[in-house]
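Visitor: I would like a close look at a single part of this protein, taken slowly and with its surroundings. Please choose one side chain to begin with, and then work outward from there.

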Amino acid sequence: MLTTILAAAGAGAAQGESPYSLQSALREGGLISQTVFAILVIMSITSFYILFSKLFEQQKIMNQAKRMRSSFWNSSSLREGSAKLEQNSAYKQIVDDGLFAQEQHGKLTDPVEAHDWLHGSLARSEASINSKLGGGLAFLATVGSVSPFIGLFGTVIGIYRALIKIGASGSGSIDQVAGPVGEALIMTALGLVVAVPAVLAYNWLQRRNKSIAEELSAFSNDVLGYLASNGAVRPVAATTKPAPAAVKPAATTTAGQAGGVPKRS
């Protein structure tokens, strides 16, 4: 495959470069077009890097949530449950911060309600995790909104240079206008190619972050209930539901039996 590609590239070079290729457009556009192209390439590469890195982080926390639901609330205490979680788990961070806040509450000189103190500490821990998950999304939003205008700027400069060149040559035929103007419009197309994946990635990652934030909020609320009740309150999923009582069949009576209604003869 590689030899075929190299042979095709060599044949293309032997036949001569197309006057309407991207290389020709960049060469004719000068420093401004080349700078715009470089900026768009950097934006595109960075956007895809953020996309894949954030997907990895999100999937990691989702896997942590599955393991937490399967084993955490079966433990006899929060410390025992925390020991079962991964060292860098987001759920372990919430539990450890809650236990630390409970220890620190007794050292306060100014009386504060334990519920308010624990709630504030858990909310701060949850916000820290959500902030880390949201890192880089602002760049995706910026790329999605700015890159079309950067490409349009390159197009405007390219068309301006093309018109000056056409005016200097003194020929305004369609074959003289179509080439330079078409090459300038390539920058607008590149801007859209960079913007569309960035916008889609931003919306997708935001939706997944929202789902993770809801899961963390529910877990934080369960931990708060456990701490505030000294372990008496646990999630419904972690408690053993009592078996439903067997329903006895209704007693039937017939004529002549005790309690029965005799038939008239």
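Guide: Leaving aside residues up to four places away in sequence, Glu126 touches Ala213, Leu216, Ser217 and Ser220. This is a predicted model, and every value that follows is computed from it. Glu126 belongs to helix 5, which spans residues 114–133. The side chain is buried and yet has no salt bridge, for the nearest side chain of opposite charge, that of Arg124, lies 12 Å away. A salt bridge is counted when a side-chain nitrogen of Lys or Arg is within 4 Å of a carboxyl oxygen of Asp or Glu, so at 12 Å Arg124 does not qualify as a partner for Glu126.

The surroundings of Glu126 come next. The contacts Ala213, Leu216, Ser217 and Ser220 have numbers that fall within helix 7, residues 174–228. The largest nonpolar core has 24 residues, and those that touch the most other members are Phe72, Trp73, Leu78, Tyr91, Phe219 and Val223. Two or more residues of this core come from each of helix 2 (22–71), helix 4 (90–105), helix 5 and helix 7. Of these, helix 7 gives the most, with 7 residues. Apart from this there is a second, separate core of 8 residues, among them Val36, Leu40, Val143 and Met187. As a general matter, nonpolar side chains in soluble globular proteins tend to be buried together.

Met187, from that second core, also lies in helix 7. With a relative accessibility of 3%, Met187 counts as buried, because the cut-off for that label is under 20% relative accessible area. Its C-alpha atom is 5.6 Å from that of Gly154, although the two residues are 33 apart in sequence. Gly154 falls by its number within helix 6, residues 137–169. Val156 is found in helix 6 as well, but with a relative accessible area of 49% Val156 is partly exposed. Together with Phe149 and Leu152, Val156 forms a nonpolar patch on the surface, and the three have about 310 Å² of accessible area together.

Against the unpaired Glu126 one can set the acidic side chains that do have a partner. Side chains of opposite charge can pair when their charged atoms come close. By the salt-bridge rule, the count comes to 5, and three of these bridges are described here.

The side chains of Glu57 and Lys54 meet at 3.3 Å, N to O; both residues lie in helix 2, 3 residues apart, which is about one turn of the helix. Within this pair, Glu57 is partly exposed at 32% relative accessibility, whereas Lys54 counts as buried at 8%.

The bridge between Glu86 and Arg67 has an N to O distance of 2.2 Å. This pair links distant parts of the chain, as Glu86 is in the loop between helix 3 (78–84) and helix 4 while Arg67 is in helix 2, with their positions 19 residues apart in sequence. Both partners are partly exposed, Glu86 with a relative accessible area of 33% and Arg67 at 40%.

Arg79 forms a salt bridge with Glu103, and the closest N and O atoms are 2.4 Å apart. This pair, too, links distant parts of the chain, with Arg79 in helix 3 and Glu103 in helix 4, 24 residues apart. Glu103 counts as partly exposed, at 43% relative accessibility.

One loop residue adds a further link along the chain. Ser77 sits in the loop between helix 2 and helix 3 and is partly exposed, with a relative accessible area of 30%. When residues up to four places away in sequence are left out, Ser77 touches Tyr226 and Arg234. The C-alpha atoms of Ser77 and Gly231 are separated by 7.5 Å, though the residues are 154 apart along the chain.

The whole chain can now be placed around these details. Its secondary structure comes to 7 helices and 0 strands, which read along the sequence as α-α-α-α-α-α-α. Among contacts between residues at least 6 apart in sequence, 75% join residues at least 24 apart. Of the 265 residues, 29% count as buried, and Glu126 is one of the buried residues. The chain exposes about 16700 Å², of which carbon and sulfur atoms supply 63%.

How values were computed:
Residues are numbered from 1 along each chain as its sequence is written. This is a predicted model: local features need pLDDT of at least 70, side-chain atom pairs count only at pLDDT 80 or more; totals for chains, interfaces and linings use all residues. Side-chain values use heavy atoms; hydrogens and water are left out. Patches are made of residues with over 30% relative accessible area and no salt bridge: like charges are joined within 9 Å, nonpolar side chains (Val, Leu, Ile, Met, Phe, Trp, Tyr) within 5 Å. Accessible areas come from the Shrake-Rupley method with a 1.4 Å probe; for residues, only the protein chains shown count as cover. Helices (H or I, at least four residues) and strands (E, at least two) are DSSP runs, numbered from the N terminus. Buried means under 20% relative accessible area, exposed over 50%, partly exposed in between (1.4 Å probe, protein chains only). Lys and Arg count as positive and Asp and Glu as negative; His and the chain ends are not counted. Contact means heavy atoms within 4.5 Å. A nonpolar core is a set of buried Ala, Val, Leu, Ile, Met, Phe, Trp, Tyr and Cys residues joined through side-chain atoms within 4.5 Å.
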